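Work through these exercises with the structure open beside you. Try each task before you read its solution.

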Amino acid sequence: MKKPFLNEDFLLQTETARQLYHEFAKSMPIIDYHNHLLPDQIAQDKQFDNLTQIWLYGDHYKWRAMRAHGVPERYITGDASDWEKFEKWAETVPFTVRNPLYHWTHLELQRYFDVHELLNKDSARRIYDECSAKLRTPEYSVRNLLRKMNVETLCTTDDPADSLEHHQAIAADPFGVRVLPTFRPDKAMAVEDVAAYNAYLDKLAAAAGLDIQTYDDLLAALQSRHDFFHELGSRLSDHGLERLYAAEFTPEQVAAAFLKVRGGKALNQADSEAFKSSILLDLARMDHARGWTQQFHLGALRNNNSRMLRELGPDTGWDSIGDFAQGRRLSTFLDRLDGENKLAKTILYNLNPGDNELMATMVGNFNDGSVAGKVQFGSGWWFLDQKDGMEKQINALSNMGLLSQFVGMLTDSRSFLSYPRHEYFRRVLCNLLGTDVENGELPDDMALLGLIVQNICYGNAKKYFGFGAVPKAVAQPELA
């Protein structure tokens with residue numbers, strides 16, 4: 001018997017899986033501890049005028065699919081109208097079958113807009129008009145969308161030089177969802193483009209109120225901003241790197257390398273590696289001193305299409321999985337910090353699925369019993385945050401570590417409509433555990449398995465990051 005598409009038991013193939021999801025996972029609040037949502041839109045409680053603006057602006061997952069379907073760039077990032085862009089996306093959607101975009105698209109239409117019609121060229125106008133009309137109502141403001149998805153905490157991604165003024169505004173006007181900054185200091189390491197790097201240092205110096213002329217000055221400025229982030233509730237850092245840096249270096253070499261690049265001269269490979277290795281350790285020590293969690297997103301090969309990079313800039317859909325050697329440098333980096341007793345809570349995300357078992361075993365080398373799951377193998381990331389990628393990550397973690405201590409899913413998204421990805425993950429998780437029970441590979445113990453599911457979906461992250469009570473929403477005056 002054929003099952004209906006995307007019904008209440010979507011992805012839940014056994015009775016045990018259905019019980020685990022509906023009774024234990026479904027109602028858990030969401031802690032989205034890594035995303036790229038814009039804090040100014042939350043502070044302003046932005047309302048989007050139409051479905052294209054909230055759904056297609058900035059979403060390079062959809063852009064890549066449209067390009068693969070033969071859609072000209074004018075209808076993706078170009079000057080076509082919002083309706084024309086949506087129409088081309090709607091024409092593309094039926095041909096995304098077996099890509100997670102097909103599931104996500106229809107989950108988002110259902111969960112946010114109660115639209116159960118399949119999106120295609122024939123339904124495009126009806127769906128666009130209905131959803132756009134809803135988006136223009138107060139119920140669909142950014143803050144209400146977050147409430148609608150039962151989001152308890154979200155952590156944005158912010159540069160050390162950011163003013164965090166929007167986070168300050170949110171803190172002064174709480175709405176029942178905790179919104180915190182995350183410290184992302186990648187630009188403080190990006191010495192390859194000397195002119196851009198020096199321009200960034202000037203920006204960082206202005207933010208910190210300090211002159212940056214030496215390596216010690218750089219550390220002082222970063223420490224000042226780290227302290228400021230902490231005051232505003234930040235408890236996580238994040239790094240997006242091809243691989244970890246763990247070269248041998250001396251303080252004198254690093255100081256000289258910084259003076260050279262600050263003077264406008266390019267670094268050779270050895271000095272660049274030494275500088276990055278040093279600053280990465282110093283940043284990690286800051287995280288440990290504050291009790292933060294550090295995150296490392298490893299393995300992306302970015303900006304592969306140089307022509308389109310020149311035309312559109314970075315983060316427009318020209319990145320892929322890389323095949324960088326990860327193990328030795330990662331081991332050396334973590335071991336140096338552990339040897340100083342300054343290894344913070346750490347989450348490792350890999351983009352190459354061939355590194356799953358490497359990551360799953362590496363975290364076990366540095367779990368010292370001080371914190372449950374102190375070093376984590378993070379959830380399937382970017383190209384891997386789909387059913388197959390999630391299952392492979394869960395299986396590798398289960399086989400070589402403790403799935404029960406996993407801090408679960410995140411969106412890593414720029415869209416306020418991406419929160420059904422947490423539901424998607426929860427369904428995948430419950431289906432794997434339910435199948436094991438039905439196969440006699442796990443006991444039919446709903447009390448135990450239900451608790452583990454709830455912890456992975458919510459409880460582990462809340463405890464691991466130390467998130468307490470959520471600020472209550474400010475009471476709004478009654479409308480006359």
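**Exercise 1: Two packed helices**

H5 and H7 are oblique to each other. The model is a predicted one.

Task: Show why H5 and H7 count as oblique, and describe their contact.

Solution.
- Step 1. Two numbers describe a pair of packed helices: the angle between the axes and the distance between the axes.
- Step 2. Find helix H5 at residues 82-92 and helix H7 at residues 124-135. They pack at an angle of about 130 degrees, and their axes are 10 Å apart.
- Step 3. Apply the cut-offs: 65 to 115 degrees is roughly perpendicular, and over 145 is roughly antiparallel. An angle of about 130 degrees falls in neither range, so the pair is oblique.
- Step 4. Add the handedness: H5 and H7 cross in a right-handed way.
- Step 5. List the contact residues. H5 supplies Asp82, Trp83, Phe86 and Ala90, while H7 supplies Ala124, Arg125, Ile127 and Tyr128.
- Step 6. Sort them by type. The contact has 6 nonpolar residues, 2 charged and no polar ones.

**Exercise 2: A strand and its surroundings**

Task: Decide whether strand E4 is largely enclosed or not, and find its partner.

Solution.
- Step 1. Strand E4 covers residues 236-241, and 6 of the 6 are buried. The strand is therefore largely enclosed by the rest of the structure.
- Step 2. In a regular strand, side chains alternate between the two faces of the sheet.
- Step 3. Check each face of E4. One side has Leu236, Asp238 and Gly240; the other has Ser237, His239 and Leu241. These residues are all buried, and both faces are covered.
- Step 4. Look for the partner. Strand E5 (residues 293-298) pairs with E4 in the parallel sense, over 6 bridges. Gly240 has His297 of E5 as its bridge partner.

**Exercise 3: An open sheet**

Task: Give the strand order of the open sheet of 3 strands and name its edges.

Solution.
- Step 1. The order is E1-E2-E3, and the pairing is parallel.
- Step 2. E1 (30-32) and E3 (178-180) each pair on one side only, which makes them the edge strands.
- Step 3. Neighbouring strands are turned by 5 degrees against each other on average, direction ignored.
- Step 4. E1 and E2 (residues 151-155) are joined by 3 bridges. Ile31 stands opposite Thr153 of E2.

**Exercise 4: Positive phi**

Task: Describe the phi values and the burial of Leu6 and Leu11.

Solution.
- Step 1. Most residues other than glycine have a negative phi.
- Step 2. Leu6 has a positive phi, near 55 degrees. Leu11 has a positive phi of about 70 degrees.
- Step 3. Leu6 lies in the segment before helix H1 (15-25), and Leu11 is in the segment before H1.
- Step 4. Buried means under 20% relative accessible area. Leu6 is at 4% and Leu11 at 13%, so Leu6 is buried and Leu11 is buried.

Technical notes: Residues numbered from 1 in each chain as written. Predicted model: local features only at pLDDT ≥ 70, side-chain atom pairs only at ≥ 80, totals over all residues. Heavy atoms only, no water. Axes fitted to C-alpha atoms, helices over the stretch in contact; angles between N-to-C directions. Helix = DSSP H or I, 4+ residues; strand = E, 2+ residues; numbered from the N terminus. Parallel < 35°, antiparallel > 145°, perpendicular 65-115°, else oblique. Left-handed = near helix turned anticlockwise from the far one by under 90°. Contact = heavy atoms within 4.5 Å. Nonpolar A, V, L, I, M, F, W, Y, C, P; charged D, E, K, R; others polar. Buried < 20%, exposed > 50% of the residue type's maximum accessible area, 1.4 Å probe, protein only. Pairing = 2+ DSSP bridges.
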